[in-house]
Amino acid sequence: MNNDPGWDKIVDAIDAKFGIDRHGTKTEPLEDRHDLNQTVRFIEFSRSGQQFRLERITKPAIMDRKSIHGKSANATVRFENIYDPETTSSKTVYLHQVSDEWVEMDGDGLAAALA
């Protein structure tokens, strides 16, 4: 899961331009399947007095999604993810610090903040 050239390229570019204040990796169980884990790699850096954090979340890929219907008339539909533990998917999450809380932002917001 650590062979991720796209992530490495982003980290190298941020390190060269801003420096990295903190970095790390953590492994945690998936919210809906505690027998499967996801890995979160992160970096934190500062720009113009603001703190930013990028997270690369790699987890088993979702292969299918089953809908589970309740039997009563008022029951809501819930979904169950079917994972392939042999295949992974990754996404990058962009965050900035507001007070003591990390708030997610989109890629355009990050680009504007770093310009």
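In this predicted model, S46 stands opposite Q51, a residue of strand 3. Strand 2 (37-47) and strand 3 (50-68) pair in the antiparallel sense, and nine bridges join them. Two residues lie between the strands of this hairpin, in which S48 takes a positive phi near 50°. S48 is a residue other than glycine, and its place is in the loop between strand 2 and strand 3. With a relative accessible area of 64%, over the 50% cut-off, S48 counts as exposed.

A positive phi also occurs at S99, where the angle is about 55° although the residue is not a glycine. S99 belongs to the loop between strand 4 (78-98) and strand 5 (101-105). Its relative accessible area is 67%, and S99 is therefore exposed.

Strand 2 also pairs with strand 1. The two run antiparallel and are joined by eight bridges, and among the paired residues, E28 has Q38 in strand 2 as its bridge partner. P29 is found in strand 1, which covers residues 22-29. Along the chain P29 and T39 are 10 residues apart, and their C-alpha atoms are separated by 8.7 Å. When neighbours within four places in sequence are left aside, P29 is in contact with H34, L36 and N37. The relative accessibility of P29 is 42%; because this value falls between the 20% and 50% cut-offs, P29 counts as partly exposed.

Strand 2 itself is mostly covered, with eight of its 11 residues buried. The strand also contributes to the largest nonpolar core, for helix 1 (5-17), strand 2 and strand 3 each supply at least two of the core residues. This core has nine residues in all: W7, V11, I14, I43, F45, F52, L54, M105 and L110. Its largest share, three residues, comes from helix 1.

Within this setting, the contacts of I43 may be followed in detail. Not counting residues up to four places away in sequence, I43 touches W7, V11, I14, I20, R22, H23, F52, R53 and L54. Several of these partners, including W7, V11, I14, F52 and L54, are themselves listed in the largest nonpolar core, as is I43. The contacts of I43 also include R22, H23 and R53.

Key. Residues are numbered from 1 along each chain as its sequence is written. This is a predicted model: local features need pLDDT of at least 70, side-chain atom pairs count only at pLDDT 80 or more; totals for chains, interfaces and linings use all residues. Side-chain values use heavy atoms; hydrogens and water are left out. A nonpolar core is a set of buried Ala, Val, Leu, Ile, Met, Phe, Trp, Tyr and Cys residues joined through side-chain atoms within 4.5 Å. Buried means under 20% relative accessible area, exposed over 50%, partly exposed in between (1.4 Å probe, protein chains only). Helices (H or I, at least four residues) and strands (E, at least two) are DSSP runs, numbered from the N terminus. Contact means heavy atoms within 4.5 Å. Two strands pair if DSSP finds at least two bridges between them.
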